[in-house]
Amino acid sequence: MISGIIYVIRNGLQWKDAPREYGPHKTLYNRFVRWSRLGVFNYIFAELAGKEEKAGQLISTPPI
């Protein structure tokens, strides 16, 4: 599910244009909206950002 959401957003697609292997586009959209409202993505990104300093596992890329 997360891969499908990322794919749509990264490629600037409409939800209806998501590849079928990610599941129904309506499910992708509904899950994205629900998780956004619940702060799931904010939590994920905050955790990833916090671990970068501690573990040095994430590589930050310079702005283009």
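The residues lining the largest pocket of this predicted model divide into eight nonpolar, no polar and no charged. That lining is formed by Ile2, Ile5, Ile6, Ile9, Phe32, Phe41, Ile44 and Phe45, and the pocket that these residues enclose has a volume of about 150 Å³. Two elements, α1 and α3, give two or more residues each to the lining of the largest pocket, and α1 gives the most, with four residues.

The chain in which this pocket is found contains three helices and zero strands, and its elements follow the pattern α-α-α when read along the sequence. Helix α1 covers residues 2–10, helix α2 covers residues 25–38, and helix α3 covers residues 40–55. Of the 64 residues in the chain, 16% are buried.

On the surface, a nonpolar patch is formed by Ile2, Ile6, Tyr43, Ile44, Phe45 and Leu48, which together have about 570 Å² of accessible area. Helices α1 and α3 each supply at least two residues of this patch, and the largest share, four residues, comes from α3. The elements that supply the patch in this way, α1 and α3, are thus also those that give two or more residues to the lining of the largest pocket, although the leading contributor to the patch is α3, whereas the leading contributor to the pocket lining is α1. Ile2, Ile6, Ile44 and Phe45 are among the residues of the patch, and these four residues are also included in the lining of the largest pocket.

Ile6, a residue of helix α1, belongs both to the nonpolar patch and to the pocket lining. Ile6 is classed as partly exposed because its relative accessibility is 43%, a value that lies between the cut-offs of under 20% for buried residues and over 50% for exposed residues. The C-alpha atom of Ile6 is separated by 9.6 Å from that of Phe32, a residue 26 positions away along the chain; Phe32, like Ile6, is one of the residues that line the largest pocket.

Two residues of the loop between α1 and α2 were also examined, namely Gln14 and Tyr22. Gln14 has a relative accessibility of 47% and therefore counts as partly exposed. Between Gln14 and Tyr29 there are 9.6 Å in space, C-alpha to C-alpha, and the two residues are 15 residues apart in sequence. Tyr22 is likewise partly exposed, because its relative accessible area is 25%. The distance from Tyr22 to Ile2, taken from C-alpha to C-alpha, is 8.9 Å, and these residues are 20 residues apart in sequence. Ile2, the partner of Tyr22 in this pair, is a member of the nonpolar patch and is included in the lining of the largest pocket.

Note on methods: Residues are numbered from 1 along each chain as its sequence is written. This is a predicted model: local features need pLDDT of at least 70, side-chain atom pairs count only at pLDDT 80 or more; totals for chains, interfaces and linings use all residues. Side-chain values use heavy atoms; hydrogens and water are left out. Patches are made of residues with over 30% relative accessible area and no salt bridge: like charges are joined within 9 Å, nonpolar side chains (Val, Leu, Ile, Met, Phe, Trp, Tyr) within 5 Å. Accessible areas come from the Shrake-Rupley method with a 1.4 Å probe; for residues, only the protein chains shown count as cover. A salt bridge is a side-chain nitrogen of Lys or Arg within 4 Å of a carboxyl oxygen of Asp or Glu. Buried means under 20% relative accessible area, exposed over 50%, partly exposed in between (1.4 Å probe, protein chains only). On a 1 Å grid over the protein atoms alone, a cavity is a set of points where a 1.4 Å probe fits but cannot get out, and a pocket is an open set with protein on both sides within 12 Å along at least five of seven lines; lining residues have an atom within 4 Å of a point. Grid points are joined across faces, edges and corners, and a volume is the space filled by probe spheres set on the points. Ala, Val, Leu, Ile, Met, Phe, Trp, Tyr, Cys and Pro count as nonpolar, Asp, Glu, Lys and Arg as charged, and the others, Gly among them, as polar.
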